[in-house]
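Hi,

Here is the structure I said I would pass on. Have a look at it first, and then read my notes below.

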2 protein chains.
Amino acid sequence: MSELIEKAKKLKKASKATAMLTTEEKNAALAKLAEGILSEKDWILQENEKDILQGKKQGFSPALLDRLLLTEERIEQIVGGVRQLVNLEDPVGETIEAWERPNGLHIQTVRVPLGVIGMVYEARPNVTVDAASLCLKAGNTVLLRGSSSALHSNKALVHVMRQSLENSPIPKDAVQLLEDTSRETASEMFKLNDYLDVLIPRGGAGLIQSVIQHATVPVLETGVGNCHIFIDETAQEKMAIDIVINAKTQRPSVCNAIETVLIHENWPHTSALLHALKDKGVELRGDGKLSASYPFVKEATEEDWYTEFLAPILAIKIVSNVKEAIEHIDMYGTKHSEAIISENEKHVHLFFQAVDAAVLYHNASTRFTDGEQFGYGAEIGISTQKLHARGPMGLRAITTTKAIVRGNGQIRP
Amino acid sequence: MSELIEKAKKLKKASKATAMLTTEEKNAALAKLAEGILSEKDWILQENEKDILQGKKQGFSPALLDRLLLTEERIEQIVGGVRQLVNLEDPVGETIEAWERPNGLHIQTVRVPLGVIGMVYEARPNVTVDAASLCLKAGNTVLLRGSSSALHSNKALVHVMRQSLENSPIPKDAVQLLEDTSRETASEMFKLNDYLDVLIPRGGAGLIQSVIQHATVPVLETGVGNCHIFIDETAQEKMAIDIVINAKTQRPSVCNAIETVLIHENWPHTSALLHALKDKGVELRGDGKLSASYPFVKEATEEDWYTEFLAPILAIKIVSNVKEAIEHIDMYGTKHSEAIISENEKHVHLFFQAVDAAVLYHNASTRFTDGEQFGYGAEIGISTQKLHARGPMGLRAITTTKAIVRGNGQIRP
């Protein structure tokens, strides 16, 4: 039997036990898991060092090496994340709705675990623990498929997690690492409908597209954010500048950072905004009017409107009204996070109605599209698809429902 | 441009207008649609006659011809279904949750249409109208891909629907029939992620598997029902017999009918049940003990436990306790509808906890797994997958959510 099938079978079996655990049992196991990682941190760091050395040999970029790197501090953060999970409300068992039918049948929908979750991700080894502990908290089991560049780190982390679960209520088989990181085995994993209930890819657009293209298992798509801010005619100067600076520069490499600002042609503070962005070191790419008026603004290409720069680069366009802004977002956006800054409630209403995206903002930064910022406590990813979960996904997103129907002999006439 | 792409583009454009309509506008359009079908019923029946003649030439079975057939009465039923939709609550615009964050951000999740829905179905022309009107009521647009055997009927129905929408608030482009019923074009449709938000296959296992295997667009899987009833030691005789007879014989061809009964070895009424089933003309296939004791019970093969007979055939097995019943269901079930008949609340609780299925019943027939029986008013299908919607899917299942965040200048620290 291949490693994949063997581990998938174990996960499916373990998922039945894990689904039936109480909140207290799951929390006790998570506490052990946190403890275990902390007490084995030296060995984990040693194993991580092997990945780093190998990455350096292969000429990885400093950014990629940084994503791969574990430090004492990062391990403490990881452990802190697991401990936070203990305090979060358990979504499993929650009654969602309950009603009675005229024939006396009592119907109740309750939240239950999804089952077996396949996580597919890239270099960051922290995802190994973050994702596994989230899955366990919601009563699921998890097949982790990380990248080969982080294999030593992932093996160490999974070894420690499984060891920690050994004397806990959660069976250790609830967490499995797919050590075979070949493409062929990944493709096989994506079609494992008999064992996996869902696939969650986390990483760049290439990884996500590859999962979507090859999977027959349902996918929770986490995606690309080509996010916009529209500054309406009535937008307050300071508020608009503060929000744009925050949404572009506070952390440019993440999906909820903005890539394009659309400015109403009558907004009187365009020059102040552009200078503020320039002072922050943001490279500006504007439409013809802007690049003609401001020497530090390059002319944007058609390509720029489509681009998720993930860097201190911002595309800027002057629009004649809110409708033109909505049309631009409709054409180039990725349905992630879109904001309007305005004092005109009619325009805000139209924007909220007409823009099709996971999260829409009025007078706030798009950077709040995040599980923790939404108050979910933790996040398995940000969904840009429309089925099952849209926007930040917390514990509830990795559950499903059961309908429980109680009768006293009802038959269908 | 191919027919598929041309229609997909029109649907995407129309979906923006349709999503913003009020409930009253959508209801007015549905009323016109119902009226239009009724007033053109003679022509629709003429066109249906062409499909029937062609089907007879091709040697279709009487069952298949019956599925294809429209009659005056069936058209009236279809129209009645559309009129019922007018009275149903509009899920769009519903606030699902609203909360405030410590930083003053006000977050609200609201229900919005999914967008463009691709329906893939088989011979029944009534699905053409049922599915289209459900999609419209929830603010979606719909690409209908029926079978070539029903093409005349579907063309007529879609022509009449589009004509009826002409002077209504819903743009007529919100309903499109894919007239090219080739496999190649279907495959292309299943990968049309830029235009379609979801695919809903309705039909036999072959059709559904074909969509799942080839689709990159997310699929709402409606599926196979290998449903079971477990009769516990304490089950009341009359109740158990009535429920089994109902669940097997009231309409054996549907997915929520049962295929296997599991009987506790100490239940004293097995003989009465078997005779009652025999009197109803049900072919019985039992385990070795049963076939040895009852001459009218054939011996079941391993294959029988997996089979969705969709016919008056029932597999029967004696089990030694509720755990063995749960294990059998776990092994052979399709996670659709599973029932326990018992007076032992502990066993019921265990059954509800341990059986993984969309709908679980205590002392009631599995035949209630149905949108109308659940009180949803209408049904787009019964989901056997775990993502997005599980069990009977009403109007809400063809919506998604948007998060609306209102601030007064919040930026992320």
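**Salt bridges, rings and the A/B contact**

Searching the whole structure, which is a predicted model, turns up 50 salt bridges over all chains. One to look at is in chain A, where the side chains of R396(A) and E94(A) meet at 3.5 Å, N to O. R396(A) sits in the loop between β15 (391-393) and β16 of chain A, and E94(A) sits in the loop between α5 (72-87) and β1 of chain A, so this salt bridge ties together parts that are 302 residues apart in sequence.

Now for where the two chains meet. How many residues does each chain bring to the contact? Chain A gives 72 residues and chain B gives 72 residues. The size of an interface is often given as the accessible area lost when the parts come together. Here, the area buried between chain A and chain B is about 5900 Å², and carbon and sulfur atoms give 52% of it.

There are polar links across that contact too. Ten salt bridges run between chain A and chain B. If you want one to click on, try D197(A) and K386(B), whose side chains form a salt bridge at 3.4 Å, N to O. The count of residue pairs in polar contact between the two chains is 48, taking pairs with both residues at pLDDT 80 or more.

Which parts of chain A do the touching? The elements that give two or more residues to the side facing chain B are β1 (95-100), β2 (106-113), α9 (205-214), α10 (237-249), α15 (345-354), β13 (359-364) and β16 (399-410) of chain A. β16(A) gives the most, with eleven residues. By class, that side of chain A has 34 nonpolar, 21 polar and 17 charged residues.

β16(A) also pairs with a strand of the other chain: it runs parallel to β13 (residues 359-364) of chain B, over five bridges. To find the spot, look for I404(A), which stands opposite L360(B) in β13(B).

On to the rings. The whole structure has ten aromatic pairs over all chains. For W99(A) and F374(B), the ring centres are 6.2 Å apart and the planes are at 70 degrees; planes over 60 degrees apart count as edge-to-face, so that is what this pair is. The pair crosses between chains, from W99(A) in strand β1 of chain A to F374(B) in the loop between β13 and β14 (381-383) of chain B.

Last, a strand inside chain B. β9(B) (residues 283-286) runs parallel to β11(B) (residues 313-319), joined by four bridges, and parallel to β10(B) (residues 297-299), joined by three. G286(B) is a handy marker for both pairings: its bridge partner in β11(B) is I316(B), and its bridge partner in β10(B) is E299(B).

Cheers

How values were computed
Residues numbered from 1 in each chain as written. Chains lettered and ligands numbered in written order. Heavy atoms only, no water. Contact = heavy atoms within 4.5 Å. Buried area = accessible area lost by both parts, 1.4 Å probe. Salt bridge = Lys/Arg side-chain N within 4 Å of Asp/Glu carboxyl O. Polar contact = N/O pair within 3.5 Å; in protein donor to acceptor, adjacent residues only side chain to side chain. Nonpolar A, V, L, I, M, F, W, Y, C, P; charged D, E, K, R; others polar. Pairing = 2+ DSSP bridges. Phe/Tyr/Trp six-rings, centres within 6.5 Å; stacked < 30°, edge-to-face > 60°.
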